[in-house]
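This briefing sets out selected features of one structure, grouped by topic. Please read it alongside the sequence and the coordinates.

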Amino acid sequence: FSMSIILLKWIVIWKYKEGVCSVSSMAYLRWWFVDPAVALWEFWVGRFIKDTPLINLVYSLMGANIHRSAKIDAFVREFDLVEVGPESSIEYPIVCRKFSHDMTNDDSASVPSIRFRSVSVGKQCTIKGMVSLGSSVCDGALIEKLSVMPEGAIAPSNTRVAGNPSFVLEKELTPSNMHCWWKSGMLKIMWLTFELYLFFGIMLLAQYLWVFQLPSVSTLRYAPLLKWVLQILWFGVLSVGTSITIKWMLIGKRRSGPYHDTLLRSVSDWAADWHYRASTSILLSLTSNSRIWNVILMMHGMDVDFVSKIQGHSFLPSQMDLVKVRKSFISVISFCVKKDGMYREIEIIESSVGFFAHVDGDTDAGDEADIDAVVDTESATHSKLQIRRALIAPLTHVSKDIMNESPDRRFKDLPVCRVIFDEMLTALGYILSFGLFVMTMIPSYEVFVFIARDYQYIWMVVPALASALVFQMMSWTILLAIFQFIAQLGSKGSDSSSPWSDSMYAVFLTANFAHQNWSCIRVFHGSVVYNFLVAIMGAKFEGKGMGRAILLPRNVYEYAFITFGEQTIVDNADLNGHFVVYSNITLGPSSVSGLIHQGSYIANAAVTADGSEPWRSHVGTYSSYKESRSSSMIDPGTAHTEQMFNKPIRFDDIDDPTLDVLVLGDKHENSSSEDEQWV
């Protein structure tokens, strides 16, 4: 598969080059043809070889100039435009493209275009945030989490860069030393070999249990389909047990305090985290909003109660011993529990943490807090970071203690019996949802059998498989549209409402998550076919938007609540018709227009013709936007909106053509605290 993608890239693209092209040009069509194929490779192959020498090899064969000693723990696109120096660490995806409306046609009308510029990363750099196209990161620089380097910017050598848009936070930074790359690489490849044998053994045992021990099943027409379903379920459940075993064998019980960062410790952490991600992905897609993950994390060593609502894939085995959660809601977030040779504990008590927030132990990262909280200014050697009774906005970097004296008015202290009852309803919903999903595979199975016949000829099997996958996607999409209608009964027609059943809605969100990840719908991203599928799910398009909108989202939920403006472009952003605070689900419309750039998060919000710059969150603004338009008739392109989390939205003009080269400097002394991206 990897070689097929490499050949496809060279045959269709040859080499990516800097420049601008219209979305109606053949150059754009060639780019679009290859990009979904690369995304497919990333899901089925790339995510399993990240942070190994194998992905360096693949990207080098793709045309990227990546040094063999570089640590690539994220994906890369537009390969020929990427340069990564020795001993650098890439922990955030690098893309060398950006959509715009800069071009005009013969009638002087604005038409969408896409431009390509190179990205250069020097030696001993660490990239945790977004490096925009045309940017250059000099030797020894550190780009912090949730930071966004503007297009064409230069990060000076040995500096720490943070913020959105970014600025120099610290000078004369000492680059961190990496372990011997070839020793680490060899150990990781050996571990991947062990994992292949382990997964093969699990599937072989499943074959023995579900094929040889159930001979009566073999007489059924759909016996092959049923056996595969049983084997996948077996793999998902048993892999959780192997993950728990591997965690305790390789890591044991981890405690806060100083540690010695040896090669063995580093590889052991990577191995346990890799197995957890790989082995739990199937079960996670079936039960992502169930509290069964609280139990699974407890068995891995995490101190979490059963009442909290968490996302299981946000926590890794190498971090679990150092995280404590009580009566909290935690969305998809990231952690950093080690800094300067110290492990640091993180406590989240009676708090609500928004989407893609990042929590780490660097107490010197920011200035004032964005939330009305009492901030503890203890030194960096303090072994615990505490978040108590706090409301953390999406896309927020938390680096200091946040402790409020009283809980938020939206916090509900649910009794355990109520939580158990809700979980029983959720489990019943998951069983029903999985049964319906299996039923959607029956028509596609019939299509495959009809076309492939006796499976003797590969030229019959390949088109049969492709046809079956498309047919299954259509069946699944229609089923999900019906499921969405049921889950949202009584919620439409209002700018802000709640679902009739939180348990049912949790099951629907999981089904939506699985549909976007495991069906072949992502292959059609950016095409009219995808717009048609989105319309089937209930999304609305203004004017000729269905034929003109370019939708390349990361995830979409509540299609029926989303309206797309004409010529809207969504590039790797999250679109939702809901947001959650302390497990309280709020549903409402979202209106999307203009350019929605990478990393943007839109939930029950209105994004006007100005669009959204990279890594901006827009939450709960739809009702205020609607009221402002009806009362004062404010121009949609200039309407000001505020978030439900009291965190302002800024539209920073970083697309000015005069900013071809922008050397990042220090933050201005008079900058307002509300412009901070850090807490």
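Buried here means under 20% relative accessible area, exposed means over 50%, and partly exposed lies in between. By that criterion Ser 288, with a relative accessible area of 4%, is buried. The model is predicted, and the points below concern its cavities, a bent helix, its cysteines, its backbone geometry and several residues with contacts distant in sequence.

**Cavities**

- Rolling a probe the size of a water molecule over the atoms shows where empty space is left.
- Six cavities of 30 Å³ or more are found in the structure.
- The second largest cavity encloses about 90 Å³ of space.
- Twelve residues line the second largest cavity, and those nearest its centre are Arg 97, Lys 98, Met 130, His 597 and Gln 598.
- The lining of the second largest cavity comprises five nonpolar, three polar and four charged residues.

**Helix α2 and the residue that follows**

- Helix α2 covers residues 26-49, and its 24 residues should span 34 Å at 1.5 Å a residue.
- The C-alpha atoms at the ends of α2 are 32 Å apart, which agrees with the expected span.
- Helix α2 nevertheless contains a kink of about 55°, centred on Glu 42.
- Asp 51, just after α2, adopts a positive phi of about 60°.
- Asp 51 is placed in the loop between α2 and α3, the latter spanning 53-62.
- With 9% relative accessibility, Asp 51 counts as buried because the cut-off is under 20%.

**Cysteines**

- The search of the whole structure returns zero disulfides.
- For Cys 125, the closest cysteine sulfur belongs to Cys 138 and lies 7.6 Å away, which is too far for a bond.
- A disulfide requires the two cysteine sulfur atoms to be within 2.5 Å.
- Cys 125 has a relative accessible area of 1% and is therefore buried.
- Cys 180 has a relative accessible area of 30% and is therefore partly exposed.

**Backbone geometry**

- Most residues other than glycine have a negative phi, and most peptide bonds are trans.
- Asp 51 has a positive phi, near 60°, in a residue other than glycine.
- Glu 558, which is not a glycine either, has a positive phi of about 55°.
- Glu 558 is found in the loop between β34 (555-556) and β35 (562-564).
- The relative accessibility of Glu 558 is 0%, so this residue counts as buried.
- The peptide bond joining Asn 164 and Pro 165 is cis, with omega about 0°.
- Pro 165 belongs to the loop between β15 and β16, where β16 spans 167-170.

**Buried residues and their partners in space**

- Arg 160 is part of strand β15, which covers residues 160-162.
- Although charged by class, Arg 160 counts as buried at 4% relative accessibility.
- Arg 160 and Glu 172 are twelve residues apart along the chain, and their C-alpha atoms are separated by 8.5 Å.
- Ser 288 occupies the loop between α6 (263-287) and α7 (292-300).
- Between Ser 288 and Phe 513 the separation in sequence is 225 residues, while the C-alpha to C-alpha distance is 8.5 Å.
- Pro 317 lies in helix α8, which is made up of residues 317-320.
- Pro 317 has 1% relative accessibility and so counts as buried.
- A distance of 9.3 Å separates the C-alpha atoms of Pro 317 and Ile 246, which are 71 residues apart along the chain.
- Phe 508 is situated in helix α11, residues 502-518.
- The relative accessible area of Phe 508 is 0%, so Phe 508 is buried.
- Phe 508 and Gln 488 stand 20 residues apart in sequence and 9.6 Å apart in space, C-alpha to C-alpha.

Methods: Residues numbered from 1 in each chain as written. Predicted model: local features only at pLDDT ≥ 70, side-chain atom pairs only at ≥ 80, totals over all residues. Heavy atoms only, no water. 1 Å grid on protein atoms, 1.4 Å probe; cavity = no way out; pocket = protein on both sides within 12 Å on 5 of 7 lines; lining within 4 Å. Points joined across faces, edges and corners; volume = space filled by probe spheres on them. Helix = DSSP H or I, 4+ residues; strand = E, 2+ residues; numbered from the N terminus. Expected span 1.5 Å × (residues − 1). Bend = angle between axes of the 7 residues up to and from the residue. Buried < 20%, exposed > 50% of the residue type's maximum accessible area, 1.4 Å probe, protein only.
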